[in-house]
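Please open the structure in a viewer and display the side chains as sticks. The tour below proceeds from one selection to the next.

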Amino acid sequence: MSTITRKPGETAAHLELKRLALVWAQENGYPIAALEVSLPKCHYRADVAAYRPERTGAIGVTAVFECKQSTADFRRDNC
């Protein structure tokens, strides 16, 4: 896996949560993943998004991760 670099203002704890989300995605069959993904039809950006294609050609499964390092962090964004 590539090295994940911290963006300005991001804590080490938040960066570690994003790294763990990427690891979980890879270990659970999501081979395609990215950080800081803009979600369609809204002005929201997910910390991590991952995709697992279906072998049958059907639409696959997408997992979206929003990493919160504290209750205060969660409450601030819970609008």
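Helices (H or I, at least four residues) and strands (E, at least two) are DSSP runs, numbered from the N terminus. This is a predicted model, in which local features need pLDDT of at least 70 and side-chain atom pairs count only at pLDDT 80 or more, while totals for chains, interfaces and linings use all residues. Residues are numbered from 1 along each chain as its sequence is written, and side-chain values use heavy atoms, with hydrogens and water left out.

**First selection: Lys-41**

Select Lys-41, which is found in the loop between S1 and strand S2 (45–52). Its phi is near 60°, a positive value in a residue other than glycine. Most residues other than glycine have a negative phi. Lys-41 is exposed, with a relative accessible area of 89%; here buried means under 20% relative accessible area, exposed over 50%, and partly exposed in between (1.4 Å probe, protein chains only).

**Second selection: Glu-36 and Lys-7**

Move next to Glu-36, located in strand S1. The phi of Glu-36 is near 50°, again a positive value in a residue other than glycine. The side chain of Glu-36 meets that of Lys-7 in a salt bridge, at 3.3 Å from N to O. The term denotes a side-chain nitrogen of Lys or Arg within 4 Å of a carboxyl oxygen of Asp or Glu. Because Glu-36 belongs to strand S1 (residues 32–38) and Lys-7 to the segment before helix H1 (12–27), the pair ties together parts that are 29 residues apart in sequence. Both partners are partly exposed: Glu-36 has a relative accessible area of 23%, and Lys-7 one of 33%.

**Third selection: Lys-18 and Glu-10**

Are the partners in the next pair, Lys-18 and Glu-10, buried or exposed? Lys-18 counts as buried at 3% relative accessibility, and Glu-10 is buried as well, at 8%. Their side chains form a salt bridge of 2.8 Å, N to O.

**Fourth selection: Arg-19 and Glu-16**

Now select Arg-19 and Glu-16, whose side chains meet in a salt bridge of 2.8 Å, N to O. These residues are three apart in helix H1, and therefore about one helical turn separates them. Arg-19 is partly exposed, with a relative accessible area of 33%, and Glu-16 is partly exposed at 34%.

**Final selection: the network**

To finish, select Lys-7, Glu-10, Lys-18, Glu-36 and Arg-45 together: salt bridges that share partners join these residues into one network. The structure holds six salt bridges, among them the Glu-36 to Lys-7 pair.
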